[in-house]
Amino acid sequence: MLSDEIISLDDVWAGLPAKKAKTLLFLIESRTVQIAMRSRVEFSLTEEAANERELAFFNAFALRQLPRFRLTIQHLERYATHWQILVPETPRLKAALIHALGQKYQFTYQTIPSIQVVLGLNEEAVQQAYYLLYKKPIETIFASRLSWNEKLKWTVTAFEQHLESIPPFWLASLVTVALGLPQAFLALPIAATEVGPLPTIVFLILLGIVNILTMACMAEAIGRSGDFRYGNTFVKQLATNYLGDAGSSIFSLAVGIRVFLIALACYIGLSSTLANFTHIPASACAVLLFFVGLYLLSQKSLNFTVAVLVLLAAINVSLILLLSFLALPHIELHNLLYVNLPFFNQQTFKPEMLQQVLGVSLMLYFGHVYVGECGKLVLPRDASASSLIWGSVAGTGFLTILFCIWVLAINGAIAPQVLAAQSGTVLDPLAKQVGPIVKVLGLVLVTLLLGMAWIRSSSLLINLAKEWFPPKTQPIVSLPCKQGKLLLRPRGNSSHVTYIGITYLGIEESQPRFSLDIQSGGNIVRKEIAVIERWEIKELLPQFPDLDQSGIQLKLEVKSADRDRVCLQVISPMILTYEGVLQAKTNADKASLESSPTMSLYSRFRAYIKRIWADLKLQRHFFLSISPLVLVLLLSEWLFFTGTESFTNVLGFAGVLGNSLVGGIFPVLLLISSRRKGELIPDVVFQFLNHPWFITALYSLFLGNLLLHGLFVWKNPVARIGALSVALLSLVATAIMVYGGAFATRLVIELRENPQERGRTVFRIIAGGKPKKADVCLGYADGEQHYQAATGEVPSPSLLRYAVFQLSTKRVKELKVWAYRDNSTSGFESLPALVEVENGNKKMSFDLKLSGGKILLPLNNVACCLKIALPESSTT
């Protein structure tokens with residue numbers, strides 16, 4: 001019978017192998033699930049979804065459960081090198097683990113080469129241990145053959161691994177196309193009737209060149225970000241890091257507007273297409289789509305692997321090319337030569353002629369937000385960012401060519417008068433012109449193209465709502481005594497925010513005791529507390545009044561405790577992470593979360609009421625997070641009811657209001673800031689992108705587009721007010737960013753250890769996006785070594801005790817310190833270092849473990865002294 005003792009590496013490596021193998025397998029499965037979930041593409045602007053996923057993992061692990069994820073033997077094989085560190089060297093335990101694996105999963109000898117190496121299946125000692133334990137050869141764990149379903153899974157896994165192992169340039173290009181394939185494809189021929197197909201193609205080429213440049217701006221800004229290279233960050237955090245809270249908030253608002261209108265357009269396009277094929281009212285189809293979306297949200301099924309995204313994109317591109325090929329025989333010259341330009345054929349200029357074509361054309365290029373997801377896949381393989389930049393450019397160029405082919409084929413085959421009368425997509429008139437085959441192909445294209453856009457927009461809206469209305473998290477974790485630490489940090493990007501670390505110290509005088517490490521405003525405070533049942537941080541306010549000014553909210557509730565571990569519920573709106581050896585709870589601990597039979601009737605009733613209230617609060621937050629989708633549904637129903645729905649008009653509106661900022665103004669601002677604040681230096685730098693005349697021209701182009709529509713093109717007063725408001729907001733936000741130091745020079749001190757290179761440790765100094773020399777002193781137990789360099793390798797890193805940097809900070813307004821261990825399998829891990837900063841008369845101290853390995857603070861003097869102190873063996 002399997003023991004229900006807690007799981008730790010020391011426990012796993014000791015005792016009877018047969019008993020411990022299953023607990024070790026649970027550790028391996030948990031680690032694999034965590035990595036597999038992280039490897040999926042996130043349709044999220046912020047880290048809220050990632051935090052929610054990590055909290056779900058903590059909760060599940062504490063209850064000795066796997067998170068909601070369909071784990072397969074294919075995942076274990078694919079990520080074998082990631083969980084290899086959990087496997088002990090003991091042959092008997094390896095043999096028992098192999099036996100547990102064979103009992104739970106089906107595989108053949110040829111399908112698990114990585115697992116064979118990690119578990120030592122071909123080692124004679126392991127084979128002998130297996131035979132002694134189970135009285136049969138180790139070959140009996142292998143299946144003689146696999147079912148067709150399992151063969152298909154292994155084929156898909158092989159395809160995924162092959163796809164992710166292609167050169168990073170091609171991976172970047174494919175992902176750019178996959179994430180940037182727009183739903184505006186289906187409205188482009190309709191919008192092109194305003195000016196004609198040939199002028200539209202010329203305009204698309206010019207706009208394509210502009211967007212290639214803005215994509216290069218976005219890719220370079222991300223390539224200069226160490227968070228994307230070594231971490232698991234999101235575009236919203238990039239905007240916060242470079243442009244500050246004001247710029248980040250405006251960026252989030254712009255994305256919210258665009259995504260809301262995209263979701264509305266998807267509801268109209270999908271509902272109208274389904275109504276044409278099924279004869280069900282479009283309003284009823286919209287309601288059906290809403291509930292399907294809620295189901296997917298409840299299943300947490302809105303993230304995809306890279307292979308799935310690329311495969312869906314390949315199908316969509318193939319369908320677009322096939323439909324274009326089917327339309328070619330129906331092309332008529334007078335349709336292609338149709339021109340409706342001002343001053344052409346004695347026509348006067350009417351601004352409303354540009355109402356759809358400008359907005360829809362802008363909406364074709366919406367991949368800027370997803371360059372971050374591409375960067376997280378490509379930058380770990382090519383830290384120079386060359387592949388990311390050139391891949392983004394190549395992918396955008398390919399899409400531009402595809403747009404031109406689509407307009408040439410569809411507008412050449414269908415008369416402009418027919419297209420102009422459409423309120424839905426272009427597929428219905430195309431089916432009448434070409435034949436019924438278009439209905440079949442079109443239904444697949446609409447389902448995939450609009451369906452993917454609908455999933456992306458729904459997921460983004462949900463995550464934006466969670467960011468705007470963050471809940472108080474209530475995870476339950478099992479914290480080992482003096483072995484793990486809970487880290488809590490607020491949602492912010494300043495040195496003045498408060499960071500908290502919680503360590504369990506054990507039982508003293510029948511009371512669970514904890515150590516609190518509190519970092520706030522450049523000071524570190526350590527405090528021991530005793531928690532009988534519950535504790536709130538407001539109890540410390542009389543001793544630490546600065547906490548009251550920070551507005552920190554934190555409650556701790558002890559569910560169970562003994563001398564080895566504590567089961568703790570943490571209630572706080574702060575972001576929670578865990579550092580240390582995870583321990584799974586026993587069944588006894590799990591039962592302790594429920595009402596104990598020995599509890600009094602009043603206590604059980606009170607616990608029951610608390611559970612109901614907690615469930616209600618969770619439901620309230622769920623309904624709050626889906627409120628944008630409810631609003632989209634109500635608005636689409638109103639448009640269907642009044643007969644004013646227009647797929648093309650909504651996309652045009654979204655393109656002008658949203659993409660002018662997200663795809664135009666903000667990439668330029670992010671590039672300017674990244675070249676002054678970035679932590680890394682890409683190998684590819686287009687110098688002309690930072691030229692004042694070029695920046696002014698790009699900024700003015702997109703700002704002028706907003707003013708043009710607000711003053712002349714749009715006639716609807718609400719639309720005009722919206723365009724003018726967004727233009728004014730852009731100007732005000734830019735002024736606030738300039739005044740707030742968003743484009744000030746930042747000095748970055750980096751200390752990086754690479755375990756894959758036998759602990760090789762380097763330091764690097766960058767100021768204003770360029771290397772900067774400084775006086776560096778490396779201290780050891782037997783003396784000091786002095787350098788004057790911008791970068792260098794640390795000799796004998798395991799013996800390093802401190803590093804002192806004497807910095808000239810003239811014209812430098814910010815200092816960022818980053819000390820971390822680069823783990824290729826799990827991103828970066830902060831080094832246990834203390835940082836002391838002396839800037840003028842001000843002295844500050846920081847614990848990098850509390851702040852995630854990074855600190856950011858303002859500088860106000862021409863000189864600065866920085867000391868990074870490391871404990872013994874911190875870099876071994």
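The legends below accompany an overview and several close-up views of a predicted model.

**Figure 1. Overview of the predicted chain and its secondary structure.** The chain contains 30 helices and 22 strands, and 57% of its 876 residues count as buried. Among contacts in the chain between residues at least 6 apart in sequence, 74% join residues at least 24 apart. The area that the chain exposes is about 37,100 Å², and carbon and sulfur atoms supply 60% of that area. Salt bridges number 28 in the structure, and some of them are shown in the views that follow.

**Figure 2. A salt bridge between K376 and E373 within helix 19.** The closest N and O atoms of K376 and E373 are 2.9 Å apart in this salt bridge. Both residues belong to helix 19, which covers residues 371-378, and they stand three residues apart, about one turn of the helix. K376 counts as buried because its relative accessibility, 15%, is under the 20% cut-off. E373 also counts as buried, its relative accessibility being 7%.

**Figure 3. A salt bridge between E528 and R513, joining strand 5 to strand 4.** The side chains of E528 and R513 meet in a salt bridge with an N to O distance of 3.7 Å. This pair links distant parts of the chain, since E528 lies in strand 5 (residues 523-530) and R513 in strand 4 (residues 511-520), with their positions 15 residues apart in sequence. The two partners can be described separately by their accessibility: E528 is partly exposed, with a relative accessible area of 47%, whereas R513, at 18% relative accessibility, counts as buried.

**Figure 4. The salt bridge of R526 with D517 and the network that contains it.** R526 and D517 meet through their side chains in a salt bridge of 3.2 Å, N to O. R526 is exposed, with a relative accessible area of 52%, while D517 counts as buried at 5% relative accessibility. Salt bridges that share partners join R526 and D517 with K485 and D847 into one network.

**Figure 5. The surroundings of T498 in the loop between strand 2 and strand 3.** T498 is placed in the loop between strand 2 (484-489) and strand 3 (499-508). Although it belongs to a loop, T498 counts as buried because its relative accessibility is 1%, against a cut-off of 20%. The C-alpha atoms of T498 and I518 are 7.0 Å apart in space, while the two residues are 20 residues apart in sequence. The side chain of T498 is also joined to the side chain of S520 by a polar contact of 3.3 Å.

**Figure 6. Helix 27 with its buried and exposed residues.** Helix 27 comprises 16 residues (residues 627-642), which at 1.5 Å a residue should span 22 Å, and the 23 Å between its end C-alpha atoms agrees with this expectation. The buried residues in helix 27 are P628, L629, V632, L633, S636, L639 and F640. Seen down the axis of helix 27, these buried residues fall within an arc of 140 degrees, so they line one face of the helix. On the face of helix 27 that is turned away from its buried side are the exposed residues L634 and F641. After helix 27 comes G643, whose phi is positive, near 70 degrees.

**Figure 7. Helix 23 and its enclosure by the rest of the structure.** Helix 23 (residues 437-468) has 32 residues, and the distance from its first C-alpha to its last is 46 Å, close to the 46 Å expected at 1.5 Å a residue. Of the 32 residues of helix 23, 24 are buried, so the helix is largely enclosed by the rest of the structure.

**Figure 8. H75 in helix 4 and the residues in contact with it.** H75 lies in helix 4, which covers residues 73-78. H75 is buried because its relative accessible area of 18% is under the 20% cut-off. The side chains of H75 and T72 make a polar contact of 3.0 Å. When its neighbours within four places in sequence are left aside, H75 is in contact with T32, A36, F69 and R70.

Note on methods: Residues are numbered from 1 along each chain as its sequence is written. This is a predicted model: local features need pLDDT of at least 70, side-chain atom pairs count only at pLDDT 80 or more; totals for chains, interfaces and linings use all residues. Side-chain values use heavy atoms; hydrogens and water are left out. A salt bridge is a side-chain nitrogen of Lys or Arg within 4 Å of a carboxyl oxygen of Asp or Glu. Helices (H or I, at least four residues) and strands (E, at least two) are DSSP runs, numbered from the N terminus. Buried means under 20% relative accessible area, exposed over 50%, partly exposed in between (1.4 Å probe, protein chains only). A polar contact is a pair of N or O atoms within 3.5 Å; within protein, one must be able to donate a hydrogen and the other to accept it, and residues adjacent in sequence count only if both atoms are side-chain atoms. Contact means heavy atoms within 4.5 Å. Accessible areas come from the Shrake-Rupley method with a 1.4 Å probe; for residues, only the protein chains shown count as cover. The expected span of a helix is 1.5 Å times one less than its number of residues. The arc is that of the directions from the helix axis to the C-beta atoms.
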